[in-house]
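User: Hi! I've got a structure to go through and would love a second pair of eyes. Mind if I throw some questions at you?

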Amino acid sequence: MPISRRALAAAFAVCVLLPLSACGSGDDGGSTDASGKVEGDITFQTWNLRANFKDYFEGLITDFEKKYPGTNVKWVDQPAEGYADKISADAAGGTLPDVVNVSPDLVAPLAKAGLALDLDKSAAQYKKEYLDGAWASHQIPGMTGTYAFPWYLNTGPLFYNKSLFEEAGLDADQPPTTYDELFADALQIAEKTDGKVATLANVPTIEDFGRYGVPLMNKGGTAFTFNDAKGVELLTKYKELYDAKALDPQALTATPESSGKKFLTEAVAMNPGSALDLGNFKKQAPNLYKNIGITDQITSTGHANMYVMGVMVNAQTKRTPAAVAFAHYVTDAAHQMSFAKKVAIFPSTAGSLDDPYFTKEDGTDETRVRVAAAKSLKTAVNYTPVLFSEQMKTELRNEVAKALQGKESPKEALDNAVEACDRLLQQQG
């Protein structure tokens, strides 16, 4: 049900990670003082962005070099696959870029290893430029400091197929707004279609548990807690959906792309998405587009889920003033706004979401989605714990699959997932 960070990558071809390359590496660490002259060579590395945003980034780099004569930014673009592994390898090999665009879960191990510059110490003057929640998004439980500039945010609505709701005897103008309504509607759609139409195409992920109101970690960030009674309740409900084919039978192996295709071909009734998806529906599935419904994310907490990207400075860079200046330049209000007008993302800078671009309706579905998403972002929460790694996501997914298949009870599955994730947490140090 959620839009995962991976889903955003697929949806926008812009799930970016921007490391600034190996010129910051070396045996001895760099200076944490960013107050010197902005000069020297740095390398800017992106993740699968050149194809769609070549002109934007080349223009941004040219403007930065004009603003700071004596700087030279080398831009390197990497393929999307395996980027997290690449960051780990660079960190281990001493070749971590000077500036790295990271998600919170990727910055955590780098901060713990002393490789992420603490911006509260080195760039505190910029903090006021960003939304409080966005600035806090790259803080690590158990550590003091902030380890990346906030870059773009994202969230999105739930899309639903009005005709599939109507065919199942549901009111297409009254989509579910609570989990109880969602589960009841899903079971009715499955029953009325003899299991041919599922409502959801994805198994629950960590942010689903968070959005359901499950406490995910203890306050100290030393142990996971999503195996409590509320967590078991959510997984039990999903097991009921799976047995009734209200959850797509292929959900156990679904990817964002495959889930999107199921919705596109009208095999599932609901799917999360973004304003960008509407254009795809219009072109690829005009029948779906004319029957599309748009509703808010379902949550028990009153807060939508948001996804956050940030730009980290390598603590070992030899060009700290230039690296900090460039990371700030990429993420300042003007550049975030210009990027947001090229792709369906949202700026993390204070006041930007009050711009008419994010508040004024013009009668189009695209604008309707954008305005609704921007409004929800003001109170949205990044439910995925900063310390929840890709390995932990895999452990949870595997245990959820066992519960849905009846190989373990929901309680056993979540106990096992918490045990595995706690073990991985201890290994992080």
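User: Leaving aside neighbours within four places in sequence, which residues is His328 in contact with?
Analyst: Happy to help! Those contacts are Tyr126, Glu129, Tyr130 and Phe149. Keep in mind that this is a predicted model.

User: Where does His328 lie?
Analyst: His328 is part of helix 14, which covers residues 320–331.

User: And does His328 count as buried or exposed?
Analyst: His328 counts as buried, because its relative accessibility is 12% and the cut-off for buried is under 20%.

User: Let's switch to the strands. What is the order of the four strands in the open sheet?
Analyst: The order is 3-8-4-9, and the pairing is antiparallel. At the edges sit strand 3 (99–102) and strand 9 (346–347), each pairing on one side only.

User: How many bridges join strand 4 to strand 9?
Analyst: Two bridges join them, with strand 4 spanning residues 149–154 and the two strands running antiparallel. Phe149, at one end of that range, is also one of the contacts of His328.

User: Nice link! Which residue in strand 9 is the bridge partner of Leu153?
Analyst: That would be Phe346.

User: New topic: where is Val381 found?
Analyst: Val381 is in the loop that runs between helix 17 (365–377) and helix 18 (390–404).

User: What does Val381 touch, not counting residues up to four places away in sequence?
Analyst: Val381 touches His303, Ala304, Asn305 and Met306. With a relative accessibility of 29%, Val381 counts as partly exposed.

User: How far apart are Val381 and Thr155?
Analyst: In sequence they are 226 residues apart, while their C-alpha atoms are 10.0 Å apart in space.

User: Zooming out, how many helices and strands does the protein chain have?
Analyst: The protein chain has 19 helices and nine strands. Its radius of gyration is 22 Å, close to the 22 Å from the globule rule for 429 residues, so the chain is as compact as a globular protein of that length.

User: What share of the residues is buried?
Analyst: Buried residues account for 55% of the 429 in the protein chain. As for contacts between residues at least 6 apart in sequence, 77% join residues at least 24 apart.

User: Last one, on the surface: what is its accessible area, and how much belongs to carbon and sulfur atoms?
Analyst: The accessible surface of the protein chain is about 17,500 Å², with 49% belonging to carbon and sulfur atoms. On charges, the mean positions of the 42 positive and 54 negative ones are 3 Å apart.

Terms used
Residues numbered from 1 in each chain as written. Predicted model: local features only at pLDDT ≥ 70, side-chain atom pairs only at ≥ 80, totals over all residues. Heavy atoms only, no water. Rg over C-alpha atoms; globule rule 2.2 N^0.38 Å. Buried < 20%, exposed > 50% of the residue type's maximum accessible area, 1.4 Å probe, protein only. Contact = heavy atoms within 4.5 Å. Areas by Shrake-Rupley, 256 points an atom, 1.4 Å probe, with all protein chains shown as cover. Lys, Arg positive; Asp, Glu negative; His and termini not counted. Charge placed at Lys NZ, Arg CZ, Asp CG, Glu CD. Pairing = 2+ DSSP bridges.
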